Amino acid sequence: MSGRVVFPNKLLPYLLLAPQLAITAVFFYWPASQALKQSMQREDPFGLQTTFVGLANFRRVLADPNYLNSVKVTAVFSLSTAFLALALALPLAVMAEKVVRGKGIYRTLLIWPYAVAPAIAGMLWLFLFNPAMGTFSYLLRANGVAWDPLLKDGQAMGLVVAAAAWKQISYNFLFFVAGLQAIPRSLIEAAAIDGASGPKRFWTIVFPLLAPTTFFLLVVNTVYAFFDTFGVIHAVTQGGPGKATETLVYKVYNDGFVNLQLGSSAAQSVILMGVVILLTAIQFRYVERKVHYG
Amino acid sequence: MIGDSRWGIRLAHAILILGILIVAFPLYYVFIASTHAGPDIVRPPMPLTPGGRFIENYRAAFFEGAANLGGVPVWRLLLNTAIMALGIAVGKIVISITSAYAIVFFRFPGRMVFFWIIFVTLMLPVEVRILPTYKVMVDLKLIDTYTGLILPLIASATATLLFRQFFLTIPGELVEAARIDGAGPFKFFKDILLPLSKSNIAALFVILFIYGWTQYLWPLLMTNQAEMNTIVIALRKMVSFVDHGTPWHIVMVTCVLAILPPVLVVVLMQRAFVRGLVETEK
């Protein structure tokens with residue numbers, strides 16, 4: 001790269017970079033450094049006095065049963081969402097690769113939910129399934145199911161997972177289709193000539209060759225479920241019933257803005273930062289290579 | 001293809017149609033609800049065929065809005081959201097393309113440091129610095145302003161990385177030729193780089209427009225006045241299952257109108273959209 005032809009200007013590049021740097025400094029680095037600072041302080045409820053407390057906030061957060069519950073909730077929520085969204089998208093992508101007629105129309109009709117805001121996805125499902133007016137709740141109860149996601153933990157979790165996964169199907173569908181197109185036809189045809197049945201061809205050839213795509217999507221879906229689903233939780237359950245759907249991001253917001261526990265909220269933010277750094281590292285270290293495993 | 005029976009193909013069509021029905025049903029349901037009167041919507045089971053109040057409901061929502069939200073008309077909410085989404089998309093593209101241009105086509109002290117400074121913002125999403133960023137916004141008096149909704153979200157490591165990646169593929173000969181012909185950095189940028197980047201810009205625009213339109217946490221914090229709400233936030237504030245005054249027919253219309261614009265962008269600019277998705281995830 002050292003041999004690259006460049007322009008000789010000395011001042012211009014700084015001017016070109018200035019807007020982006022100014023915004024990152026004011027809205028990213030300064031607040032992030034404040035979060036770091038606050039995470040090691042304790043503030044009285046009136047905001048009059050702050051004292052340095054070292055790592056006490058972190059110790060308290062990590063020993064708090066509510067926080068540990070939130071870690072568990074986030075794990076269950078993220079993995080269920082990722083798994084469900086992948087499991088629904090894969091068969092659709094495989095089928096879409098099989099058909100010739102109507103391919104474009106199928107694709108168009110499957111990708112649009114990507115453009116729906118997560119919070120709205122949540123509300124769509126809430127309209128269908130809330131106990132007061134939802135047509136599906138009515139049908140469920142008419143058939144003897146005790147359906148009340150506003151009171152029952154598992155049902156509330158199921159509802160937010162369904163809404164979050166529904167929105168993500170389109171994304172996974174597109175990437176699975178791209179992954180399938182990259183698999184050489186000749187391999188599959190050779191297996192077909194050797195007499196391998198459809199399901200056998202899928203599980204022994206297509207599925208293993210799709211592993212890099214699947215792994216990539218698993219990471220992306222987990223990140224999505226972690227950070228981009230605040231809207232779903234806020235719009236549908238607000239962390240409830242009790243704390244059954246309180247994810248880590250929702251808890252940071254709730255403790256900071258609703259309960260006004262600044263030190264604790266800041267410590268949680270810093271822990272989340274660590275999680276983001278870890279996930280980003282995984283994404284760049286393992287996902288970028290797009291290798292086949294085995 | 002070899003090995004696919006006629007029944008296999010029929011089954012494939014059947015599964016796809018089933019998938020589409022499942023994916024589309026919630027939207028269909030909301031659209032149907034938006035054509036019925038309020039009381040009919042909350043009395044389950046709601047009819048699954050269109051009602052007769054399409055024009056009435058849409059007119060009321062569009063021009064009068066929901067009473068429990070201060071009667072802010074939906075056109076105002078759409079305008080707010082459009083300004084935010086367009087501002088974020090255009091802003092991100094402009095500051096990223098200039099940053100990438102500086103990093104790739106110039107040599108200056110601190111170049112890589114700046115690159116890393118931008119790169120690291122990938123690891124600082126709003127969600128992990130909510131409170132302090134909010135405080136900055138209060139101090140700068142940016143609450144309830146379009147600037148407040150847009151400015152903090154336009155820094156973009158992803159877009160900068162994408163443009164940098166693309167610029168690195170541009171052969172040095174092109175720069176050399178341009179320089180020999182007497183083109184300065186501005187002329188090169190305007191007459192050569194921008195036209196070459198057109199399809200990248202279109203792809204990014206679609207993705208960033210949707211990103212801006214679907215924002216939730218940020219506008220939730222940044223707006224107090226009902227007139228400054230984005231449509232997604234307003235919709236959330238209108239919905240209440242305990243309050244008997246919730247105007248359900250207006251809620252349903254607002255929901256349809258909140259979904260429609262970004263979906264249209266995806267459907268109409270499908271090629272750019274798919275390209276954008278794949279490129280931004282690299």
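This passage walks through chain B as a whole, then a helix pair that spans chains A and B, and finally two residues of chain A. The model is a predicted one, and everything below should be read with that in mind.

Starting with the overall picture, chain B is built from helices: 15 of them, with zero strands. Its 282 residues don't pull together the way a compact globule would. A globule of that length would have a radius of gyration near 19 Å, whereas chain B comes in at 24 Å. Along the principal axes, its C-alpha atoms take up a box of roughly 75 × 65 × 35 Å. Even so, 55% of the residues in chain B count as buried. The contacts also reach a long way along the sequence: counting just those between residues at least 6 apart, 71% join residues at least 24 apart.

Next comes a spot where the two chains meet. In general, a pair of packed helices is described by the angle between their axes and the distance between those axes. Here the pair is helix α5 of chain A (residues 118-129) and helix α14 of chain B (residues 248-268), whose axes come within 11 Å and cross at roughly 140°. Over 145° would count as roughly antiparallel, so α5(A) and α14(B) are classed as oblique to each other. The crossing of these two helices is left-handed. On the α5(A) side, the contact is made by Ile120(A), Leu124(A) and Phe127(A); α14(B) brings Trp248(B), Val251(B), Met252(B), Cys255(B), Ala258(B) and Ile259(B). Sorted by class, that makes nine nonpolar residues, with no polar and no charged ones in the contact of α5(A) with α14(B).

Back in chain A, Gln38(A) sits in helix α1, which covers residues 12-38. With a relative accessibility of 17%, Gln38(A) counts as buried, because the cut-off is under 20%. Setting aside neighbours within four places in sequence, Gln38(A) touches Asn57(A), Gly263(A) and Ala266(A), plus Pro132(B) from the other chain.

Gly263(A) turns up again with Asp44(A): the two are 219 residues apart in sequence, yet their C-alpha atoms are 9.8 Å apart in space. Asp44(A) itself lies in a loop of chain A, between β1 (41-43) and β2 (50-52). Its relative accessible area is 22%, so Asp44(A) is partly exposed.

Technical notes:
Residues numbered from 1 in each chain as written. Chains lettered and ligands numbered in written order. Predicted model: local features only at pLDDT ≥ 70, side-chain atom pairs only at ≥ 80, totals over all residues. Heavy atoms only, no water. Axes fitted to C-alpha atoms, helices over the stretch in contact; angles between N-to-C directions. Helix = DSSP H or I, 4+ residues; strand = E, 2+ residues; numbered from the N terminus. Parallel < 35°, antiparallel > 145°, perpendicular 65-115°, else oblique. Left-handed = near helix turned anticlockwise from the far one by under 90°. Contact = heavy atoms within 4.5 Å. Nonpolar A, V, L, I, M, F, W, Y, C, P; charged D, E, K, R; others polar. Rg over C-alpha atoms; globule rule 2.2 N^0.38 Å. Buried < 20%, exposed > 50% of the residue type's maximum accessible area, 1.4 Å probe, protein only.
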